[in-house]
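Me: I should like a close look at a single part of this protein, set in the context of the chain around it. Please give one connected account that I can follow with the model open.

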Amino acid sequence: MDEKWDINGTIESIAASMQSCLRERSPVEGLRFDSIDGVLDITFVRLKASLTQISQAVVTSAPLMEGLMEAGLDDPKKIYAAWVPFAGRAGDLNPICGSQSDRDGVKFSSTFFERHDDPEPNHCLSQDTIMLHEVFHALGAVSPCAPNYLGQSSNLPKGHVNDDPNDLMYGGDELGVMIELDKDRDDYFGHGLANCTDLADSPFLQHAD
Ligand SMILES: [Zn+2]
């Protein structure tokens, strides 16, 4: 289904919300989004695979990445943020709200969104924080050297923290609201340790002059 998010302003407003989420919690101005003449660079891709084929894939990101690369989104120096208007799954995890995967050295961060009938009109509502979470994975968070690193857990792949249920990168069983950005500045953002991934130093982030 084409939700027209590329042309009706939805993606722009989600992207703006991602930027303010970062600005409000850190000295960072935001992510370095690609733009053309000052307008966010958004590409609409219609996948060749049918919805049935995609729903049969064990991991939704596989046919998704294949289709995006076929459409020429294959620059290994970029991270591609894909807003996907159908249900996502990863093996037994179904549905998932987001995923981050690499294919042939190209990084894709995806969020999924699926309409349902009432009483559950849809799920995966927080498209801004979910995408921020997936982009942070693409940037290398959370690294195993973090003091509150959560390794492989029962329901999530590795790459999360376990100390704060409200952390953007929390991966434990008591998931809260993804609103904190490494509050103690010790795991993945602003810790300043040279030998452990610190997203505050990422070239994908824009700093105030
Ligand atoms: Zn995650």
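Reply: Gly88 of strand β5 stands opposite Ile96 in β6. In this predicted model, β5 (residues 88–90) and β6 (residues 93–96) run antiparallel to each other and are joined over two bridges. The two strands make a hairpin that leaves two residues between them. Gly91, in that turn, has a positive phi of about 65°.

A second pairing involves β4 and β8, which lie parallel and share six bridges. Within this pair, Ile79 is placed opposite Lys107 in β8. Strand β4 is largely enclosed by the rest of the structure, because five of its six residues are buried. As a general point, side chains in a regular strand alternate between the two faces of the sheet.

The loop between β8 and α4 contains Cys124. Is this residue buried, partly exposed or exposed? Cys124 counts as partly exposed because it has 17 C-beta neighbours inside 10 Å, whereas a buried residue requires 20 or more. Setting aside neighbours within four places in sequence, Cys124 makes contact with Cys97, Thr111, Phe112, Phe113 and Ile130. Phe86 is 38 residues away from Cys124 along the chain, and the C-alpha atoms of the two are separated by 11 Å.

Ile130, one of the contacts of Cys124, is also one of the buried residues of helix α4. This helix covers residues 127–138. At 1.5 Å a residue, its twelve residues should span 16 Å, and the end C-alpha atoms are 16 Å apart, so the expected and computed values agree. Helix α4 is mostly covered, with ten of its twelve residues buried. Besides Ile130, the buried residues include Met131, Leu132, Val135 and Phe136, together with Gln127, Thr129, His133, Glu134 and His137. The elements that cover them include α1 (10–25) and the strands β1 (28–31), β4 (79–84), β7 (98–103) and β8 (106–112). Both partners of the parallel pair described above, β4 and β8, are thus among the elements that cover the buried residues of α4. After the helix comes Gly140, which has a positive phi, near 110°.

The position of α4 can also be described in terms of domains. The domain assignment gives domain 1 as residues 1–138 and domain 2 as residues 143–204. The C-alpha centres of the two domains lie 20 Å apart. Their contact draws 13 residues from domain 1 and eleven residues from domain 2. On the side of domain 1 that touches domain 2, the elements giving two or more residues are β1 and α4. The largest share of that side, five residues, is supplied by α4. By class, the same side of domain 1 has six nonpolar, five polar and two charged residues.

For the protein as a whole, there are four helices and eleven strands. The radius of gyration is 17 Å, close to the 17 Å that the globule rule gives for 209 residues, so the protein is as compact as a globular protein of that length. Along the principal axes, the C-alpha atoms fill a box of roughly 45 × 45 × 35 Å. Of the 209 residues, 30% count as buried. Among contacts between residues at least 6 apart in sequence, 52% join residues at least 24 apart.

Terms used
Residues are numbered from 1 along each chain as its sequence is written. This is a predicted model: local features need pLDDT of at least 70, side-chain atom pairs count only at pLDDT 80 or more; totals for chains, interfaces and linings use all residues. The expected span of a helix is 1.5 Å times one less than its number of residues. Two residues are in contact if their C-beta atoms, placed from the backbone, lie within 7 Å. Two strands pair if DSSP finds at least two bridges between them. Domain bounds come from an automatic or database domain assignment. Ala, Val, Leu, Ile, Met, Phe, Trp, Tyr, Cys and Pro count as nonpolar, Asp, Glu, Lys and Arg as charged, and the others, Gly among them, as polar. The radius of gyration is taken over C-alpha atoms; the globule rule is 2.2 Å times the number of residues to the power 0.38.
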